[in-house]
Amino acid sequence: MARDDSKALLWRAFVPLLDGGRPSGTRGWVSAVAPVVIRVAAGAGHWAAGRRQRALAEWAGAAGFGLVAWGLGTEAPTGAEVLENLAALGGMDDGQRRDFLRKREAGAPATAGAETPAARRVSRFFRWYEPISPVAWMVIGVPWRLRHPRRLTALGIASEAPDVALSVLRAARAVQRRRPRMAVGSALVAAGSVARLRAASAEPLR
């Protein structure tokens, strides 16, 4: 019984990752759109090099991430709803939940002036890190996807397996929650990853 309760708790903790959250501001949207840009650019590079299957696989993934981004903007929970879900996950009753949300809304600005110098440095780091990291990942991700996987190997399969597994779970969750854009987009992302492996078998890189 305890093992079943632990599994249920782990699943409930994992669900917010599958649901995602609605992007807020430029930084949130850059992170949501970055995978689309990476795969479109990588697909164009493969197409120019005559690797048609690899290009189509990348573009399928790009279409999937585009639909996921659209779904995040229209179907995913807002920030307030995410907090509400976290409060429910913590087992709070209605009164505790309202108190938690009220403190979250009122507490953040009030504590800003009381930050220590170290806390301010950490806060500045994350303010810079959030917008820069998606751009850096785009710069790194496009050349990497043009070279890998070189051929169908165990390492190549292992590199795609997490995306496939997460996308399949996200698609199933989106179907359950009646979020069609996220469901179709996640299914396309998984299909694109599988297609990359098939392309690696048909068009090995030298």
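**Exercises on a predicted model**

Val40 is partly exposed, because its relative accessible area is 40%, where buried means under 20%, exposed over 50% and partly exposed in between (1.4 Å probe, protein chains only). This is a predicted model, in which local features need pLDDT of at least 70 and side-chain atom pairs count only at pLDDT 80 or more, while totals for chains, interfaces and linings use all residues. Residues are numbered from 1 along each chain as its sequence is written, and side-chain values use heavy atoms, without hydrogens and water.

**Exercise 1.** Determine which residues make up the largest nonpolar core, and which helix gives the largest share.

*Solution.* A nonpolar core is a set of buried Ala, Val, Leu, Ile, Met, Phe, Trp, Tyr and Cys residues joined through side-chain atoms within 4.5 Å. Step 1: the 8 residues are Ala32, Val68, Ala69, Leu72, Ala76, Ala174, Met182 and Ala183. Step 2: two or more of these residues come from each of helix 3 (52–74) and helix 8 (180–202); helices are DSSP runs of H or I, at least four residues, numbered from the N terminus. Step 3: helix 3 gives the largest share, 3 residues.

**Exercise 2.** State which residues Val68 contacts beyond its neighbours within four places in sequence.

*Solution.* Step 1: contact means heavy atoms within 4.5 Å. Step 2: the partners of Val68 are Arg170, Arg181, Met182, Gly185 and Ser186. Step 3: Met182, Gly185 and Ser186 are among the buried residues of helix 8.

**Exercise 3.** Compare the span of helix 8 with its expected value.

*Solution.* Step 1: the expected span is 1.5 Å times one less than the number of residues. Step 2: for the 23 residues of helix 8, this gives 33 Å. Step 3: the end C-alpha atoms are 32 Å apart, which agrees.
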